[in-house]
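Let's talk through how some helices sit against each other in this protein. Have a look at the model first.

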Amino acid sequence: MDVGFSALRSEAVGAMRTALVSAENLQLTLKTELSQEEQALTLSRSSPKEAQKAGNEDLKEMLESNKESLKLEAMKRVVGLIAKGKNASELFPAVVKNVASKNIEFKKLVYVYLVRYAEEQQDLALLSISTFQRALKDPNQFIRASALRVLSSIRVPIIVPIMMLAIKEAASDLSPYVRKTSAHAIQKLYSLDPEQKEQLIEVIEKLLKDKSTLVAGSVVMAFEEVCPDRIDLIHKNYRKLCNLLVDVEEWGQVVIISMLTRYARTQFTSPWTEGAIFDENNEKTFYDSDSEEKKDQTEVKAYIMDPDHRLLLRNTKPLLQSRNTAVVMSVAQLYWHLAPKHEVNIVTKSLVRLLRSHREVQYIVLQNIATMSIQRKGMFEPFMKSFYVRSTDATHIKTLKLEILTNLANEANISTILREFQTYVKSQDKAFAAATIQAIGRCATNITEVTDTCLNGLVLLLSNRDETVVAESVVVIKKLLQTQPTQHSDIIKHMAKLFDNITVPMARASILWLMGEYCERVPKIAPDVLRKMAKTFTAEEDIVKLQTVNLAAKLYLTNSKQTKLLTQYILNLGKYDQNYDIRDRTRFIRQLIVPNEKSGALNKYARRILLAPKPAPVLESAFKDRDRYQLGTLSHSLNTKATGYQELSDWPAVAPDQSVRNVEVIEPVQEWAPLVGKTKKKKNDDKFFSDDEEEKEEEEGSESSGSEDSSSSSSSSSSSSGEESGSGSEEESSEASVKTSSDSGKSSSQSESEQKKKKKTKKAPQKKSQPAAFSDSDENGNGPAASSSSAGSSSSSSSSSDSEDDSDSDAPQTQPKKRSDVKSKPKVEVKSKAEVSLLDLDDFSPAATNAPKSSVISSSLLSDLEGLSLSNISSTMQVTTPSFGPVKTYELLHHMTGKGLAAKYHFPRQPCLYQPSMVSVQLILTNSSDHSLEEVHIGDRSPAGLHIHCFNTIERLEPEASVTVSMGIDFSDSTQAANFQLCTKEDQFSVSIQPAVGELLMPSSMTEQDFSKEQGKLLGMNETSATVTMATANSSRQAVSQQVLSVANLGEVSSSQSSFHRFAGRTVSSAALVLVSLELKESSSAFLTINTEKSVMASMLLRDLKQALAQA
């Protein structure tokens, strides 16, 4: 063997020499350094700490390089490390060096890093303060906001004056996003230096007047942190906050509702006055004279709700449809604490709906329902089945449901509830079974008709095999027997027989107490039980020993002949017990019952002390006293006052002066005259609306009341749009999308909103483009979801202008007169129609008259919406919201294939928020099984290059529950199916989404001239045409439009000829123009032409359109 190895070794050495000689001959050198792959392998084999250290060194080198692309990649990796929870503080010096970078994307990432580590590395962060101060003047709103955020994160008292100055400047910024950030910075500065409170209150007062929904929630949060007692700051802004509430982001809504609840309890009288007649409409007080009112007054004074009180209740009601559970809970507590008792029931369904959510949400909601159900059983009685316990529920959820069922129990439903309880007692969850027995005891105490039934049922449970069930039954029976002991001596005897088999200390102590309390009714059994206890006294638990001493004392007083020696023996054992409580009790009992010279007069009263009649215990709900805390608060959940809790004040006996909430309407002054566009638009609006006198009155009145607001917001938005057009206003667009879902029910608000929408359409050519602001989608792209949440807000929209801007709400008798005054104001403005300003020349260009209209937009939000723009689209063509939105749902996964998980999808035809080149798709996931599905998410996808923006993982989907989620898919202008896996924790299901060609388009708005011009550029191979035989039902213009728009997501172009129909759009992925024209011929035929660079898409679209137009 050795010879063989040595031969092999010599051969290997010879081969190496040959290789080296050959390399020298070829003038090659051996590599001494490792490649990147080898270095990576080496690092992976080393320890994690060393690998991380080496990785950080690489990142430092990349951050210090001269290439912007390397720096950007490094910062992305660093932010990724932070997101994973890894420590990246070592890189602080390298990151701070790049704080003055010109690259905006890179700068944003640097600021994200600095916000995270500025507090830890204060000294290094202070070196860059001058850079942050310069960034506060940056043209990009996100850079300004990020600089302020970093500045407020440096917790060093020395820079407080700089922070204060920055906050004051940011509070006056043109961008609502920056103003929102300044509101957040107020709280940080206050925690750093409370002495700045007065100056901060001035900034809060200024920001409270802000009309942007983006700012409202943040400034109210700052108000609650800094000066919650300064209610005078809210007076003038109360109506505005009520009207903006529907459009504020969800967490802002929670804060505002909480603050307004406290405010309302100090400003309005109680609607719960006993014996008062509730006069809801109060029409008499509005129309009748004082004399008639006095004549009709009865002895019982009718309760008249303050209009501002009603405004708050009306404007929060639609939020019960919110998808955010915290918002629903906030509205529910507001109604509970503020609404008349007959109106509180409207929150019931919404609260029950929340029980389908995660168990954490269920826990909080059930706690609040438990408190409500004690006072108002009728609220939740119709939904009693919603509180039945499921096998999948956690123990704390089960216990709360038991609590609620017990609260709801009455003579009518007790039999149903007890049948449920019988099943629960058999549960494997012992803590839950014990809680059920306690619930049965409470039902027996509260409803005397079932006391005997419950008692007999509990006695049967004494023979149960499970100790905890038996022990809890004994404890509950003991409490029930105290209510009527004379009738139940047999039960006491039965419990005495079971005494030897019961080992749970509380149960043994309960039986001993019963024996001692009713020893005269069981004279033969009680001494025998004492005899058994004397044997095992030293081995018992302390609570059992104490009850044994009590039993001995009571038997000594009632049956001293049989028990005297036993008692002395037990007292002697207790005298030397290790527990001092038992020793003290023994000495006390001995002096009390055994007569001697020292005991004195106390011995005479021993029987009256020990055998005194005791009141039966009242079995009450654990939630009975929780109503002293405001519902939905941490204090209510913990049942103890938490730090920062602010108690709700009692209703005032007399309502404070309501005129403090009136806002003065400032007349338009001459300095606003240059904005002639307003008066010119008024002329066009008169043409647009009908000549109906009443409608015109409301229209003019609402315009004049909001004239100052709209003019100021238009001026501010025009000045800021140029500055921030390229900064990507995602925050504002999402805010605007929510705004568009407000209601258009009442005629006054409808006419006002339509007017403002008309003004928006006219400003379009001047603004480049602002289509994203008109999107109906919510932040996940869920178009239909937003409409449901705002369906009930018609009353809030209709009253917004009157309640916010009118100063005469406190004098209803003079209102008709003031309306006529207001009506006359616009007529003065009309005289200036002849004036023409250079600013308005663009308005003369013809706009698309049939352009799709977006939803109603609140008047106070014009400034926020007008600043939004899409810089990559030309001024002649705008991407608009779809005119026609057919919701055709397709099955993605059948519940049989998906083992209970069913999935459907549809195309909402809304711009995708995640990436403009993606098509928005909505999935409806339903759990049809009888068990919860966990971790529902998107898995592998194909083809490999397919870009999908997945929805967030759904942690838990309860049985029979449904959830709607949004995702974005980049189909690359192809109808090829997107294949991916829909996964749960245990299973994976392959599914595919194949889009129709019409869903790969987004609508564009353009004039007829622009259409013809663009069509002329797309001739020859870019044109596809065919003759179509039209169905008779599709002869009208409206029917043609409906059929075309049902097939393709296009925008309709206005046409001067009735026989021509034109539609325009762009492909979602590549933004290639798609023009469709339809010329109607005689004898039910038409000539269909499609012009686009995408010839394959054109032929497929032509086929689909021919099919749609040919069918009725």
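What follows is a short chat about helix packing and burial in this predicted model.

Me: Which way does α12 run relative to α13, roughly parallel or roughly antiparallel?
Reply: Helix α12 covers residues 197-208 and helix α13 covers residues 213-226, and their axes sit 10 Å apart. The angle between them is about 150°. Angles over 145 degrees count as roughly antiparallel, so α12 against α13 is roughly antiparallel.

Me: And what handedness does the crossing of α12 and α13 have?
Reply: This one is read straight off the pair: the crossing of α12 and α13 is left-handed.
The α12 side of the contact is K197, I201, I204, L207 and L208, while α13 brings V215, V219, V220, A222, F223 and V226. To come back to what you asked, the handedness is left-handed.

Me: How many residues of the contact of α12 with α13 are nonpolar?
Reply: Lysine counts as charged, and K197 of α12 is part of the contact. The split has one charged residue and no polar ones, and the nonpolar count is 10.

Me: How does α10 lie relative to α12, roughly parallel or roughly antiparallel?
Reply: Helix α10 spans residues 160-171, and its axis comes within 10 Å of that of α12. The two cross at roughly 15°. Angles under 35 degrees count as roughly parallel, so α10 and α12 are roughly parallel.

Me: How many charged residues are in the contact of α10 with α12?
Reply: From α10 you get M164, I167, K168 and A171, and they meet Q199, L200, V203, K206 and L207 of α12. Lysine falls in the charged class. Besides six nonpolar residues and one polar, the charged count is two.

Me: How many of the 14 residues of α20 are buried?
Reply: Helix α20 takes in residues 325-338 and reaches 20 Å from its first C-alpha to its last. Its buried residues include V327, M329, Q333 and W336, and what covers them includes α16, α19, α21, α22 and α23. The helix is largely enclosed by the rest of the structure, because the buried count is 12.

Me: Is N662 buried or exposed?
Reply: N662 sits in the loop between α36 and α37. R239 is 423 residues away from N662 in sequence, but 8.7 Å away in space, C-alpha to C-alpha. The relative accessible area of N662 is 8%, and the cut-off is under 20%, so N662 is buried.

Terms used:
Residues are numbered from 1 along each chain as its sequence is written. This is a predicted model: local features need pLDDT of at least 70, side-chain atom pairs count only at pLDDT 80 or more; totals for chains, interfaces and linings use all residues. Side-chain values use heavy atoms; hydrogens and water are left out. Axes are lines fitted to C-alpha atoms, for helices over the stretch in contact, and angles run from 0 to 180 degrees between N-to-C directions. Helices (H or I, at least four residues) and strands (E, at least two) are DSSP runs, numbered from the N terminus. Angles under 35 degrees count as roughly parallel, over 145 as roughly antiparallel, 65 to 115 as roughly perpendicular and the rest as oblique. A crossing is left-handed if the near helix is turned anticlockwise from the far one by less than a right angle, and right-handed if clockwise. Contact means heavy atoms within 4.5 Å. The expected span of a helix is 1.5 Å times one less than its number of residues. Buried means under 20% relative accessible area, exposed over 50%, partly exposed in between (1.4 Å probe, protein chains only).
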